[in-house]
Each structure stands twice: as C-alpha cells, then as structure tokens.
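The exercises below ask for side-chain geometry, burial and backbone torsions to be read from a model. Each task is followed by a solution in steps.

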Amino acid sequence: MEDTLRKYCQHYIPEEMCPYIKSGIFAILVVSGTAFLFSLFNRLRMRGKVKRAMKEAYNKRAEQLKSLKEKLQKSSLTKEMRNKILSLDIVQLQKRLKDRSLKAIDVLHAYQYKALEAQEKTNCLTAIIPEAEELALKCDSVPYVTKPLHGIPISLKENIIYKGLHTTCGLGFSLLSPPHADDSNLVKCLKELGAVPFVTTNVPQSLMSISCDNSIFGQTRNPHKADRCPGGSSGGEAALIGYGGSILGIGSDIGGSIRCPAHFCGIYGLKTTITRMGLGSAYKPVKEQILIQTSVGPMAQTADGLIMATKALFSQEVFEMDPQISPTEFQNHLFDGKRKLRIGYYETDNVVSATSACRRAVLLAKKALEAKGHTVIDFTPPRILDAVLLAVNITCSDGYLMSKLIKYESPTEELYFITKSEGFRKIISALVYPFDKISSKIVRALDGRRKYQDIYNLVAEKEKYDKEFADAMKKDKLDALICPVMSSTSLLIKCPNFGRFPNYSLPYNLLNYPGVSMPITKVTEEDVKATYKARSLTEYLVKKSIPGSVGLPVSIQIIVPTYKDELALRIMKELDSELKKKSG
C-alpha cells in the first residue's frame, strides 16, 4: 500500500503532501473503525436495556394478576352472585345498575374474576387498571344514575392511551419511554359517561399483524381453540370478550384489526368512520402516512353492546370533551329507519378465495335479510386486487417499516419474513411471479413507495378508487354490502403471517367505510370436507388451517358508506334478531 501511495503521489500530488495524505487515510480508518465499534456496543447495550425492560413489564403484570387474585379471594361476592352477574346481557346489566339492584363494585369484581380466568386460558391481558375500583365506588356513591354507561366495566386495547400506563404496541423499545402522563380524550369520555375501564389487552408486535404475539407478553390464544390465534391487532380484546371476561371493549382498526379478531373469536365489532370516535386516542406506531388512518370502535359480546356504546359515544356530551372528532350525533333516522334496503353481497373476492364456512355465512345472512324484506343482489367490487395492493403500498410506507419499528429485539415468528425480506422484495417478487402472480404482487406492494412522485401519486390513485367504488354502488343503487371478514375462520397459531392476509377487510380501510363484524354460524363437518382449491401461497396456508376447525365461529362484515355507521348497526340488529328467531 505504501508503494502504491508513493507512486500515486509522484504522478498527481506534490511530494511534500504525501505524508499528510497517508496520515489522513489512517485517521479515517481509525475513526471509521471506532465508530463501528461504538455503534455495535451501543446496539448491544440497547438490546440489553430493552430485554430488561420487557422482563420488568412481564413481571409487573404477573404481580398485578397475583395481587388481584388474592384481593378477589377476600371479596364478599359469592360465586352464585358472580355467576348471576356474568349471565346478564348488557341491556339487563345496565337496567340493574340503574335501578341500584346491583352495585358497580360487585359487577367490577365479577368481571375481574372472569378476566383472570380468561388470562389463564388465553394470555389476553397486559395490565390491570389500578383505579378501576375507585371508579366503581364513585358510581355507587352518586345519588342519581344519569350516565348511559354507569358502572359498566370496559376493557381497552393496549394502544388506547391511559394515564400511568405504557402503550407499547407490542414493541419492547416503547417501554424505555415514560408512561403516559394523561388519559386520552376517549378514556376521559368513557369515564365521564360512567364506564369503568378495568384492564388493557394484548396486541401483536407493531400492531401490523392479524395475529397476537409479542416479545413482552407472549402469544394470545383463541378462547374457542387453544391452537388457534384470536386475530389482530385487537386480538387480546377479542379473546377476553369471547371468553366472557369483558362485556364491552374498545379496539382499533387500520386493516381489519377490529373486524378480523371479532370474526375469529365470535363477538361483535364496529369499525367506525375515522373521525367519529376517539380520533388521536389510540397510539400509532406508524406516523409516516395519513391516507389510511386508525379507526377506533367498540367490541362487545352482543349486538346491543355495540349499539349502547355507539349511542353513548356519538353524543353532544362527547363532542364537547373531544374537539378532534366529527360532531355528528347518533343518527336515529338511519338506525330506526323502516325503508327496505338494497344490499349487495359477494361470497369471495378471487384475491384469496373464501372457505366453504365463510361463503355459507354470507348466504345465510343473505337469506335472513331477504326474510326481513330487503333486496339482496350479487355485487362484484371493482378492481379489488388493485385496491388491496394500493392499501398495502400506503401502509408500508417506504418498504422499511418493520426495521424502523422493531428495534433492539427480534421479530416474532409471524413477522420474521416481512422484516427480513426488506430490501430484497423486488427480487423475491420476480422469482415468485412465474409460479404465483398474486403472492408476487403482494410481496412487491410490501416494498412501498420511495420516490416523491410515486408517493404523491398514491393520493390520486386513492381518490380515483374512492370514486370508482362509490359509482359502482350507486349504479346498483346499493345501501350496503355484506361479505366475508376473512378468507378463513381462525387460523392456526403456527400459520405464517402471509396466510392471514386481510384482503376482505383492508379495502374498506382504504375507502374509510364503516363496517360491523358479527357472528352468523359455526364451522360444520360439511364445511371442513368441502373442496378448497389453493391457487396461491396464501390459499395453501389457509387450506392447512381448515382441518380441526369444526365449531369455530364464522362472521360476516356489513359495510356501509362513510358516516352511515348507524345503518350498519340497523342491519346488524335486524339480522341478529332474524337469526335468533330461526335458531330459537
């Protein structure tokens, strides 16, 4: 190297400068090497710090659960009374709390006890809210009951901002930040409406998964079958409610995160129009884009639970407390309307074919709605694959989202491929294309958009699709749609994330259309035996989860245009009553 440097200097640089250049090169090498070692040391230090923080959070939860269990064992509430409280539906519970034949503190203890049972079976909880007992006693001390959610225990998805708690979104790095100093507007509103928030529930790492596993609190399981996942990202919420450990909860949805877990766990969930509930109250790990925003909505054991929560939160009292949300009160003319509706339906979208059980649920709902006098016609959504790919492009930002979010810890099993493929997706897409065109396009869409003009074009593409979809519904004079929530019922926990692709739910986040997920039926032996032809990797993974699915709940989603949330609730209520009449 010395001879080469000397020859170079003789030809191009004055001889007296050579020693300085030599020293400079060695200085650069030393500085670069030092910087690399410092970076490596810092990364190892941070990984250790995050690991300790995760262990502390896990141990803190264990202590909370143990303390609550010991406290409840000393409670004067008898097993008979506890079971009686838990057997009440939300309308009956609300009535008993209002006429003071039940105390809020007893209701809280009953649901805390059941939540501990749910935790043992499903691993659905992340924290016990310390002030729950104080809030319940406050409800019991007021002279008159005037609040619509008086004394109702309510669970919260972990990313709902609550004073004194972390919103980790399943990311260990988030534990290094201090807990929130104040409640979100939504939590303040819930307390003002008389509700008693009592637990927070588990989420997947980064929230970007239709699963529910993270390195802090571990894997949440489905309450119906332990080898199945509860969905995500509101998976802990759905598992808790599905087990009976909460009567009402709050989730969030940016790609199906309320509707898919509700479907997997057999409960009811409402994805609201974005600006109508709790805007800004859910912590978002992804802040790079605003074209598809997080929708906050209720999740409940029954249809009445969704209606009660929505009526309470779509109110003037709430608008005055939360100026960020749209001041549109509950629209009774949509909910109580008697006009017969024209509803479109589709059994499959041909991106990922729906299983026999999911198709049958749509047809059962169609038949029930027709029995109520509504017109239900076949509808083909326009360019659904393009809509899905556009939504993936938007939510994946520049294609390096996971490496930005998952810092100083390893990705969970279901996110491993998505994380480790960053930077190589164009190559993977090209290699896969000859064998599986749909999977190839999805992998390519995960790469996001990086150039300014490409990102700017997303806005135009979204506006174009919004109009095209609205025109398609207008052409058929449709008031609403019914379709599957997912291509399959609850998938096996070991199913890779690619098999949980939310192609049925994601387009309606792109469109900002509100939607209800409601249970219709359960998987039968005939559903399992039916032929399912897998044309793509996603369908192959779906097919592997069909055996052993007998008895799992099957839901549909009811989709309506923006700001017509109440119409979705009306259809849900009518459908629910018709199905119960037939089964009864």
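**Exercise 1.** Which side chain does a polar contact join to the side chain of T521?

Solution. The model is a predicted one. Start with the location: T521 belongs to strand β12 (residues 515–522). Next, look for the polar partner: the side chain of R360 makes a polar contact of 3.3 Å with that of T521. Finally, list the surroundings. With residues up to four places away in sequence not counted, T521 touches R360, A361, L364, L552, P553 and V554.

**Exercise 2.** Describe the environment of E409, and decide whether E409 has a salt bridge.

Solution. Step one is the position: E409 is in the loop between α15 (401–405) and α16 (416–420). Step two is burial: E409 is buried. Step three is the search for an opposite charge. The nearest such side chain is R47, 8.2 Å away. A salt bridge requires a nitrogen–oxygen distance within 4 Å, and E409 has no salt bridge. Step four is the search for polar partners: the side chains of E409 and Q205 are joined by a polar contact of 3.1 Å. Step five is the contact list. Leaving aside neighbours within four places in sequence, E409 is in contact with R47, M54, G170, L171, G172, F173, Q205 and S215.

**Exercise 3.** How many salt bridges does the structure hold? Characterise the pairs D479–R339, R383–D386 and E422–R425.

Solution. The count is 30 salt bridges. Take D479 and R339: their closest N and O atoms are 2.9 Å apart. D479 lies in the loop between α19 and β11 (480–484) and R339 in the loop between α12 (332–335) and β9 (342–345), so this pair ties together parts that are 140 residues apart in sequence. For burial, D479 has 15% relative accessibility and therefore counts as buried. R339, at 52% relative accessibility, counts as exposed.

Now take R383 and D386, with closest N and O atoms 3.1 Å apart. R383 is partly exposed at 36% relative accessibility, and D386 is partly exposed at 36%. In the pair E422 and R425 the closest N and O atoms are 3.9 Å apart, and both residues are buried.

A network of salt bridges also exists: it links E131, D183 and K191.

**Exercise 4.** How many aromatic pairs are there, and what is the geometry of F330–F335 and of F379–F469?

Solution. With ring centres required to lie within 6.5 Å, the count is eight aromatic pairs. One of them is F330 with F335, at 5.5 Å centre to centre and 70° between the planes. An angle over 60 degrees counts as edge-to-face, and F330–F335 is assigned accordingly. F330 and F335 are both buried.

The pair F379–F469 is also edge-to-face, at 6.0 Å centre to centre and 70° between the planes. F379 is in the loop between β10 (375–378) and α14 (384–395), and F469 is in helix α19 (residues 452–475), so the pair ties together parts 90 residues apart in sequence. Both F379 and F469 are buried. To extend the picture, one aromatic cluster is formed by F379, Y465, F469, Y508 and Y513.

**Exercise 5.** Which charged ends sit over the rings of F314 and Y433?

Solution. For F314, the charged end is that of R276, 3.9 Å from the ring centre. For Y433, the charged end is that of K437, 5.1 Å from the ring centre.

**Exercise 6.** Is helix α8 largely enclosed or largely open? Then examine the backbone on either side of α8 and in two other loops.

Solution. Seven of the nine residues of α8 (residues 235–243) are buried, so the helix is largely enclosed by the rest of the structure. Those buried residues are G235, G236, E237, A238, A239, L240 and I241. S233 is in the loop between β5 (218–219) and α8, and the peptide bond from G232 to S233 is cis, with omega near 10°. After α8 comes G244, with a positive phi near 105°.

Two non-glycine residues with positive phi remain to be placed:

- R100 has phi near 65°, lies in the loop between α4 (90–98) and α5 (104–122), and is partly exposed at 34%.
- Y563 has phi near 70°, lies in the loop between β13 (553–559) and α23 (565–583), and is partly exposed at 33%.

Definitions and conventions: Residues numbered from 1 in each chain as written. Predicted model: local features only at pLDDT ≥ 70, side-chain atom pairs only at ≥ 80, totals over all residues. Heavy atoms only, no water. Phe/Tyr/Trp six-rings, centres within 6.5 Å; stacked < 30°, edge-to-face > 60°. Buried < 20%, exposed > 50% of the residue type's maximum accessible area, 1.4 Å probe, protein only. Helix = DSSP H or I, 4+ residues; strand = E, 2+ residues; numbered from the N terminus. Lys NZ or Arg CZ within 6 Å of the ring centre and 35° of its normal. Lys, Arg positive; Asp, Glu negative; His and termini not counted. Polar contact = N/O pair within 3.5 Å; in protein donor to acceptor, adjacent residues only side chain to side chain. Contact = heavy atoms within 4.5 Å.
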